[in-house]
Amino acid sequence: MESPLSTLLDTPLGTRVVGRAAEVFDEIDSTNDYALQHGTDGLVVVADSQNAGRGRMGRSWHSAPGLGLWFTVALEGLIDGVVFAAALAVRDAIAPHAPAKVKWPNDILINGHKVCGILAEHRDGITALGIGVNVHHTREDFPKELLAKAGSLTTESDHPWDRVTLLRDILKHLDQKVILLRNGEFEHVRDEWAEACELRGRRIRCDAIEGVVNDIDAKGALLVETADGLERILSGDLMLLDGDR
Ligand code: BTN
């Protein structure tokens, strides 16, 4: 039996910032919206389901009850690199049990299937770092249009996942990265994230742009050598054109 989400902070996390407090909901519109309105530094907002979960690029985020980890960490101020920190934290929490990879700009994939997405938003001095992890979905739980690209920790591994254990692990990893960023170690976090993306030298297409990735710049943008010269891409839907490696 899985532990209820309400037990998240029953045992101290041992973190300094992330998870200082938590609010747990059965259902909410979006944990990001709640964090933007009521967030304090380090507050974790987690819900069993969201009825208006939001994804990147104005998309909605499928957040059915009992299946995933839908949560937001509120942080005071604008923190450069916080999305890189989140991607690394999720990867590091999953990695002991399944081969999780960071997909630029901020998805986590296992076996080529997206199991996690990240949406950072900022309003009135609060950053809402929203993270959605597909945990218990079977293939039947995904809407048809997502089936080719999406997966869950359960569809992609044999590990018996417990949402509270996983969330606690993610929060601990994230806390370490947030502390690094607040101590001025942006480069360190960015370099680790850029390495994890494994894109240098890869042939890619991102929306209308096609070419070979030269580098990832200080802001996390791809520098892509195309037939028409160097292009800089800050975000988009990335496709690898040279197969799995
Ligand atoms: C993406 O499009 O890949 C980002 C998805 C982010 C989803 C999470 S779930 C928790 C938080 N609340 C939201 O409404 N969105 C984020």
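## A first pair of strands

In β9, E210 is the bridge partner of R205. That pair belongs to a longer match-up: strand β8 (residues 203-206) and strand β9 (residues 209-216) pair in the antiparallel sense, with four bridges between them. One thing to keep in mind as you look around is that this is a predicted model.

## The five-stranded sheet

Now zoom out from β8 and β9. They sit in an open sheet of five strands, and reading across it you get the order β11-β10-β9-β8-β12, with antiparallel pairing. What stands at the edges of this sheet? Those places go to β11 and β12 (238-240), and each has a single partner strand, so one side of each is left without a neighbour in the sheet. From one strand to the next, the twist averages 45°.

Toward the β11 end, strand β10 (residues 222-226) runs antiparallel to strand β11 (residues 229-233), and five bridges join them. The link between β10 and β11 is a hairpin that goes through two residues. If you'd like a spot to look at, find T226: its bridge partner in β11 is G229.

## The seven-stranded sheet

There's another sheet to explore. Here seven strands form an open sheet with mixed pairing, in the order β1-β2-β3-β7-β6-β5-β4. Its edge strands are β1 (21-28) and β4 (100-103), and each of them pairs on one side only. The twist in this sheet averages 20° from one strand to the next.

Let's start at the β4 edge. Strand β4 runs antiparallel to strand β5 (residues 107-110), and four bridges join the two. Within that pairing, K103 stands opposite D107 in β5.

## Helices on the sheet

Two helices are worth tracing against these strands. Helix α2 (residues 82-94) packs on the sheet, where it touches β3 (68-76), β4, β5, β6 (113-123) and β7 (126-134). The direction of α2 makes about 30° with that of β7.

The other one is helix α4 (residues 163-182), which lies across β2 (43-50), β3 and β7. Helix α4 runs at about 25° to β3.

## Two backbone oddities

Two loops have something unusual in the backbone. The loop between β4 and β5 is where you'll find P105. A cis peptide bond joins W104 and P105, with omega at about 0°.

The other loop runs between β2 and β3, and M57 lies in it. M57 isn't a glycine, yet its phi is positive, at about 55°.

## Around the ligand

So who keeps the ligand company? There are 20 residues around the ligand, and the ones that come nearest are S30, Q50, R54, R56 and K114. Three of these make polar contacts you can look up one by one. In the side chain of S30, an N or O atom is 2.7 Å from an oxygen atom of the ligand. For R56 the atom belongs to the backbone: an N or O there lies 2.7 Å from an oxygen atom of the ligand. K114 takes part through its side chain, with a polar atom 2.6 Å from an oxygen atom of the ligand.

How much of the ligand does the protein bury? Taken alone, the ligand exposes 420 Å², and the protein buries 98% of that. As for where the surrounding shell comes from, the elements giving two or more residues to it are α1 (31-38), β3, β6 and β7. Strand β6 gives the most, with four residues. Sorted by class, the shell has six nonpolar, 10 polar and four charged residues.

Conventions
Residues numbered from 1 in each chain as written. Predicted model: local features only at pLDDT ≥ 70, side-chain atom pairs only at ≥ 80, totals over all residues. Heavy atoms only, no water. Pairing = 2+ DSSP bridges. Axes fitted to C-alpha atoms, helices over the stretch in contact; angles between N-to-C directions. Contact = heavy atoms within 4.5 Å. Near = heavy atom within 4 Å. Polar contact = N/O pair within 3.5 Å; in protein donor to acceptor, adjacent residues only side chain to side chain. Areas by Shrake-Rupley, 256 points an atom, 1.4 Å probe, with all protein chains shown as cover. Nonpolar A, V, L, I, M, F, W, Y, C, P; charged D, E, K, R; others polar.
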